[in-house]
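User: Hello! I'm new to this structure and would love a close look at a single part of it.

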Amino acid sequence: AQNALVAFSAIPVVGASTAGWNSSLLRPRPLRFSPRFGLAWSIPNSGQTVVRAGYGIYTNQAAYSVLQNLAENIPFFLNKTVNNNAATLASSPYTINNILSINPNGAIGANSVNHDFAVEYNEVWNLSLQHPLSSTTAVELEYVGSRTVHADSSTALNLPQPGPGNVQTRRPFPNLNAFTTIRWDGWASFHDLTFKVTRRFAKGLSFDGSYTWSHSIDDASDAGTTNAELNLPQNIYAFNLAAEKASSSFDHRNRATINVIYDLPIASGSSGWLHRTVGGWRASGNFIAQSGAPFTINLSAANDPAAANIGLVNGNNLERPNVTDNPNSGPKTPDQWFNKSAFSLPAQYTFGNTPRNNVVGPGLVDLDASLQKEVVLRESMKMQFRFDVFNVLNRPNFNLPNRIYGTSTFGTISNAQDPRELQFALKLIF
């Protein structure tokens, strides 16, 4: 069956055994070493101050979509494009039986995973100091750090070097399109410091509030494309992933949260119709404020011949413009979020100098509130009423601006998260 399928391929096919690989197409890594350590110490004569610390190694299972790339492999999976003229369809030589043998009009697509598999793992450590202010309230200062090794990040293959001429004929394999592959040398580091105040529920009130300063750094923030970046290196031939080092696309440097639950004292201790209508109401609220996360500026598909001229990967241009000024000095309005004039088209057949994730997107401020009441109808049946308000402040929390240089809407924001919403709910519990 394999030999019959090989005949349909326009490029040479080498079997796993010829390459010295096993049938899994991955180098096996059987060892999983995951130690865990923990410590809790109540400091003597400190008023019940407790120190906690921990360290652990946590291995990660590769995502299903990553390993699926191995199944979608030549010659068992072949993506060929053959265009047919609908006007001559009746006399067309293409049939279901022979269309796979027709030469493709375009290049062949592929999927790949780096054979030199490595186990992704996270080292995580933490240190916290907790002290009670009263019988119900405590404060805590916590540091958390982590390091990710062998992350399943992506890169591209079969791209030509920058230069003039037809992109397809300059590829290492001219009959094959550019395609992405999974590499196992991705990395990340994370540090956060959190101050927290917590009150457990007592006398009808509980709350917790926290402020976190954190910083996440990596060479790619996802195995695939996100709204913030392509997660692919601009220059795949540099073989220097240090050039991709930047704040993660989910790096919200500052974040504050407050959560409150309060039993309203109105008609407290009442009974009968007064309690059923006025008493027994519970209010709650959740507040979040966080700074924006960074994103990457890429050139548009139309810019490719004018810049490095290396072609597209999955319809996207990996190249970036030049940057000569601070892009974050922009007006920060929906019409222009960042300083667009800081960017310019690089010289032809060169890569731009814009680093990854050097522009910071909009932050978030959100307040949600809820009012609820439960009424006992009988011993085993209750009725719960809820009134919820989402985004009480009706604040426009903008999504990321258009980050593709060379498009007409570059730098503009066209959408936001949900405005204020009101919700009534009635639930019968039995």
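User: Which residues lie nearest the centre of the largest cavity, and how many residues line the largest cavity?

Analyst: Happy to help! This is a predicted model, in which local features need pLDDT of at least 70 and side-chain atom pairs count only at pLDDT 80 or more, while totals for chains, interfaces and linings use all residues. Residues are numbered from 1 along each chain as its sequence is written, and side-chain values use heavy atoms, leaving out hydrogens and water.

The largest cavity is lined by 13 residues, and E229, L230, N231, L232 and R320 lie nearest its centre. A cavity here is a set of points, on a 1 Å grid over the protein atoms alone, where a 1.4 Å probe fits but cannot get out; lining residues have an atom within 4 Å of a point. The volume of the largest cavity is about 70 Å³, where a volume is the space filled by probe spheres set on the points, and grid points are joined across faces, edges and corners. The count of cavities of 30 Å³ or more comes to three.

What kinds of residue form this lining? Five are nonpolar, three polar and five charged. In this scheme Ala, Val, Leu, Ile, Met, Phe, Trp, Tyr, Cys and Pro count as nonpolar, Asp, Glu, Lys and Arg as charged, and the others, Gly among them, as polar.

Now for the nonpolar cores, which are sets of buried Ala, Val, Leu, Ile, Met, Phe, Trp, Tyr and Cys residues joined through side-chain atoms within 4.5 Å. Buried means under 20% relative accessible area, with a 1.4 Å probe and protein chains only. The largest nonpolar core has 14 residues, and F295, I297, F338, F343, V359, Y405 and F410 touch the most other members. L232, one of the residues nearest the cavity's centre, belongs to a second, separate core of 10 residues, which also includes A156, L159 and L318. In soluble globular proteins, nonpolar side chains tend to be buried together.

To place all this in the whole chain, buried residues make up 37% of its 430 residues. The chain has four helices and 19 strands; these are DSSP runs numbered from the N terminus, helices being H or I of at least four residues and strands E of at least two. Among contacts (heavy atoms within 4.5 Å) between residues at least 6 apart in sequence, 71% join residues at least 24 apart.

Methods. Buried < 20%, exposed > 50% of the residue type's maximum accessible area, 1.4 Å probe, protein only. 1 Å grid on protein atoms, 1.4 Å probe; cavity = no way out; pocket = protein on both sides within 12 Å on 5 of 7 lines; lining within 4 Å.
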